[in-house]
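Could you walk me through this model in the viewer, one selection at a time? I would like to know what to click on next and what I will find there.

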Amino acid sequence: MTDSTRSTLRLGTRRSKLAMAQSGLVAEAVRALTGRPVELVEITTYGDTSREHLAQIGGTGVFVSALRDALLADEIDFAVHSLKDLPTAQPAELVLAAIPVREDPRDALIARDQLTFEELPDGARVGTGSPRRMAQLNAWAKVLGKRIETVPVRGNVDTRIGFVENGELDAVVLAAAGLTRIGRIDEATQLLSPDVVLPAPGQGALAIEVAATHADLIAALAELDDPATRAAVTAERSLLAALEAGCSAPVAALADVQADEQAVTEMHLRGVVGTTDGSTLVQLSTTGHVPASLDDASIPLAMGRELAVEMLAKGAAGLMGERAL
């Protein structure tokens with residue numbers, strides 16, 4: 001059955017509350033765009049069932065493969081991913097039809113007693129499963145003249161916040177975008193400035209993926225694409241790929257895209273690589289101009305690669321072997 005003759009579109013999603021919320025938002029947008037009903041098809045991934053730490057089972061890419069298998073088997077018509085979960089190498093058989101407008105890319109702290117990071121006591125236990133967050137939080141604590149203990153955690157948002165509520169942890173750090181999408185951003189006690197904790201490449205953005213053979217659907221969903229978001233995350237993921245780092249490596253990146261009156265857009269790209277104990281960070285940035293149409297991916301790709309080369313020259317390669325075990 002072709003895209004145009006099937007009445008209901010099947011959207012593949014992970015089963016978690018956050019994934020279902022994200023997919024629900026996309027489903028509503030697709031219904032409004034196409035006038036066709038959208039059915040959510042829940043798919044369990046290995047990343048959802050394994051209790052091992054992400055760095056041990058291959059990073060966040062473990063959330064993606066089952067959805068991609070379903071796309072290629074024509075069990076679903078399109079899939080919604082958190083872009084930061086996608087491996088940087090894009091399979092030829094699949095197309096990122098749309099990257100919608102990005103939600104807040106920052107990390108959020110949820111701490112006991114409404115504390116900010118600066119107010120946490122010396123030796124505070126802070127939960128995160130991300131080597132990237134561990135590296136920057138530990139480095140920030142050192143700047144503040146104190147020590148924290150970063151504790152690896154897994155589980156959904158409820159589980160992680162529960163560690164704070166039951167007193168096991170003093171705080172947890174989560175993506176602000178996820179908290180916003182499930183209606184819990186008000187529980188954040190602090191939104192962490194990218195100046196001190198840079199987010200993961202692609203954080204806050206969603207990716208809508210379709211099998212390359214479904215040309216009509218790809219064309220329809222392209223209406224949901226936000227060129228500025230796509231340009232920014234292209235630069236961030238290009239940096240990640242050029243560092244040859246996976247999604248479980250302690251690598252952070254954020255690109256800011258701004259249009260000026262001459263219809264030329266300026267992009268500012270920042271990158272950080274660090275050891276998980278925060279003892280060493282390599283932090284660099286670059287600024288460049290990209291065409292206002294933002295259709296040409298070559299400039300964001302080049303910016304990411306060039307910044308990666310500079311970071312490697314500053315010693316980044318030696319820092320990425322660390323993993324949070």
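Two strands count as paired if DSSP finds at least two bridges between them. Keep that rule at hand for the sheets on this tour, and remember throughout that the model is predicted.

**The whole chain**

Start with everything shown as a cartoon. The protein has 10 helices and 13 strands, and 54% of its 325 residues count as buried. Switch on a surface if you like: the accessible area comes to about 13600 Å², with 51% of that belonging to carbon and sulfur atoms. Among contacts between residues at least 6 apart in sequence, 72% join residues at least 24 apart.

**Stop 1: the sheet with E6 and E8**

Select E5 to E9. They make an open sheet of five strands with mixed pairing, in the order E7-E6-E8-E5-E9. Which strands stand at the edges? They are E7 (148-151) and E9, each of which has a single partner strand, so one side of each is left without a neighbour in the sheet. From one strand to the next, the twist averages 30°.

Now zoom in on E6 (residues 124-127) and E8 (residues 171-175), which run parallel and are joined by two bridges. Here Val-126 stands opposite Ala-171 in E8. Add H5 to the view: this helix packs on the sheet and touches E5, E6, E7, E8 and E9, with its direction at about 170° to that of E7. Helix H6 (residues 157-165) also packs on the sheet, where it touches E5 and E8 and makes about 155° with the direction of E8.

**Stop 2: a salt bridge between E5 and H5**

Stay here and show the side chains of Asp-107 and Arg-132. They form a salt bridge, with the closest N and O atoms 2.9 Å apart. Asp-107 belongs to strand E5 (residues 107-111) and Arg-132 to helix H5 (residues 131-143), so the pair links parts of the chain 25 residues apart. Are these two residues buried or exposed? Both Asp-107 and Arg-132 are buried.

**Stop 3: Gln-203**

Next, select Gln-203, in the loop between strand E9 (190-192) and E10. Gln-203 is buried, with a relative accessible area of 0%. Colour what surrounds it: beyond its neighbours within four places in sequence, Gln-203 is in contact with Lys-84, Arg-102, Pro-105, Arg-106, Asp-107, Arg-132, Arg-133 and Ala-175. Asp-107 and Arg-132 from the previous stop are among them. For a distance to display, try Gln-203 to Asp-104: these residues are 99 apart in sequence, and their C-alpha atoms are 8.3 Å apart in space.

**Stop 4: the sheet with E4 and E10**

Follow the chain into E10 and select E1 to E4 with it. This is an open sheet of five strands in the order E2-E1-E3-E10-E4, again with mixed pairing. E2 (38-42) and E4 stand at its edges with a single partner strand each, so one side of each has no neighbour in the sheet. Neighbouring strands are turned by 35° against each other on average, direction ignored.

E4 and E10 (residues 206-211) pair in the antiparallel sense over four bridges, and the bridge partner of Ala-98 in E10 is Ile-208. Bring in two helices as well. H1 lies across E1, E2, E3 and E10 and runs at about 160° to E1, while H4 (residues 65-72) lies across E1, E3, E4 and E10 and runs at about 165° to E3.

**Stop 5: more salt bridges**

The count of salt bridges comes to 19. Pick Asp-85 and Arg-14, whose closest N and O atoms are 3.7 Å apart; both residues are buried. Then move to Arg-270 and Asp-256, which meet in a salt bridge at 3.4 Å, N to O. Arg-270 is in strand E12 (residues 264-274) and Asp-256 in strand E11 (residues 251-259). Arg-270 is buried at 18% relative accessible area, whereas Asp-256 is partly exposed at 28%. Finally, select Lys-17, Asp-158, Arg-184 and Glu-187 together, as salt bridges with shared partners join them into one network.

**Last stop: H9**

End at helix H9 (residues 227-242). Its 16 residues reach 22 Å from first C-alpha to last, close to the 22 Å expected at 1.5 Å a residue. Its buried residues include Ala-231, Ala-235 and Leu-239. Just after H9, click on Glu-244, which takes a positive phi of about 55°.

Methods: Residues numbered from 1 in each chain as written. Predicted model: local features only at pLDDT ≥ 70, side-chain atom pairs only at ≥ 80, totals over all residues. Heavy atoms only, no water. Expected span 1.5 Å × (residues − 1). Buried < 20%, exposed > 50% of the residue type's maximum accessible area, 1.4 Å probe, protein only. Contact = heavy atoms within 4.5 Å. Areas by Shrake-Rupley, 256 points an atom, 1.4 Å probe, with all protein chains shown as cover. Salt bridge = Lys/Arg side-chain N within 4 Å of Asp/Glu carboxyl O. Axes fitted to C-alpha atoms, helices over the stretch in contact; angles between N-to-C directions.
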